[in-house]
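The following paragraphs lead the reader through the pockets and cavities of a predicted model. Please keep the structure in view while reading.

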Amino acid sequence: MPIVSEEHKRQRRNHILLSAQHCFAKKGYHITSMDQLVQHSGLSRGAIYNYFKSKEEIYLELMKGVVSREIEPIESHIKTLPTNIEKISYLFDHYYLLEPMCEEQKEAFFVQLDFQLSASRNSDMMNILDELHKDMKVKLVRSILQEGKNAGELKSNIHVDIFTHMFWSFIDAANMQRILFPELPYQSILMDQKQSFLNKISK
Amino acid sequence: MPIVSEEYKEEKKEQILDSAFECFAKKGFQTATMDDIVAHSGMSKGAIYNYFSSKEEIYLDLLTRATDKNFVQYNKHFAKHRTASSKMDYLFNAYLSANPIDRNRLEYIVVFYEFNLHSTRDPDLLKQLHDRKRKLVSLVNDIIQEGQEQGEFKQDLASELYAERFWTIIDGVNLHAVYDDFPYYDVLRELKDMYLQELKSE
């Protein structure tokens, strides 16, 4: 038996997940079968089952990866910014700069949205989604707003949780519209919303 | 062949629409099939195909009916409102007065966005959604322009973009209503303040 390096395993795993992301975005999770996932990945059935037990497991792992791939670049850039106002500003800029969205990004948003909608019928999925949403997305924005408040950069009376949810609900809706209607001026809409948001929270 | 009245046809159609919506809500738009709808409705396959040739056609009929109903409602109210600000207020309040955790409303929202996602694979469906969106945007755009003419709203504002943003706000709170602890009212109220504050002239 050949010795397979950890790096090779990691790459394989990623390859399977990205290939599945493409299938789920193109056909929908429920309609896609494990056979189709195998076929599209170009790997053998056995190779895939080495990494994942089922389609469900692929879906869940994919979701975790999708959210961290979305959030990690934002987190790492934000670390380099000195003020909380600049950090908030960058949150909007990050999404503004995803233009045009590449296929892989579109598929990632698509899969997230599809998962969110399916989760409304399945409490196990909802728990996982809730956790991902809270641990990654909500936490990131909330901590910036809280620090900005503590540092006296932001108004002292703003409700951190509410503004965090305002941010994500708007961004998610804007990204969905961009997937549906790429010809609409979503960049301008994001910039206008950013301005309103900053006006509302800055001292 | 029996002569079938328009009224009878309409009744049958509504029966199919109700039954189909229940299937979409339960299984998801993608997963539900015409066969599921036939089985659930208790009607024959032939009877259903007499009225609709696909689940997409059924859903579009449902959506058009709901949208038209809303428009009738909006226009009835707008006739009573003197100012553009009070019309905008009314539109926001229509969403603020909704119950975000109402099961039926949530199902309606979920199926609507599932249909949206499904439509990305079909240019004809996407076109229909696009046209519906244009209607919604122009409803708000008209109010904003009226307010600009009356001096209620800022003159230098790009009204159509601003109208588009209204619907992004609404999509956002509706989409996030599926999360258990989403503070729907507080978020929407704050977004409303933000939106109207920027819109109104000093």
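Helix H6 of chain A contributes the most to the lining of the second largest pocket, with five residues. Here helices (H or I, at least four residues) and strands (E, at least two) are DSSP runs, numbered from the N terminus. A pocket is, on a 1 Å grid over the protein atoms alone, an open set of points with protein on both sides within 12 Å along at least five of seven lines, whereas a cavity is a set of points where a 1.4 Å probe fits but cannot get out; lining residues have an atom within 4 Å of a point. Residues are numbered from 1 along each chain as its sequence is written, and chains are lettered from A in the order in which they are written. Because the model is predicted, local features need pLDDT of at least 70, side-chain atom pairs count only at pLDDT 80 or more, and totals for chains, interfaces and linings use all residues, while side-chain values use heavy atoms, with hydrogens and water left out.

The second largest pocket has a volume of about 250 Å³, a volume being the space filled by probe spheres set on grid points that are joined across faces, edges and corners. Its lining consists of 14 residues, and Val66(A), Arg69(A), Glu70(A), Gln105(A) and Ala108(A) are the closest to the centre. Helices H4 (55–78), H5 (84–96) and H6 (103–119) of chain A each supply at least two lining residues.

The largest pocket holds about 1,100 Å³ of space. Among its 37 lining residues, those closest to the centre are Ala66(B), Asn70(B), Tyr95(B), Tyr108(B) and Arg132(B). H4(B) gives the most to this lining, with nine residues.

Attention now turns to the cavities. The whole structure contains three cavities of 30 Å³ or more. The largest cavity encloses about 170 Å³, and of its 14 lining residues the closest to the centre are Gln112(A), Leu113(A), Gln116(A), Lys137(A) and Asp172(A). H4, H6, H7 (123–150) and H8 of chain A each supply at least two residues of that lining.

The second largest cavity has a volume of about 120 Å³. Its 16 lining residues include His30(A), Asp114(A), Ser118(A), Gln30(B) and Glu114(B), which are the closest to its centre. H6 of chain A and H6 of chain B are the elements that give two or more residues to this lining. The second largest cavity lies between domain 1 (1–53) and domain 2 (54–199) of chain B, because both give residues to its lining; the domain bounds come from an automatic or database domain assignment.
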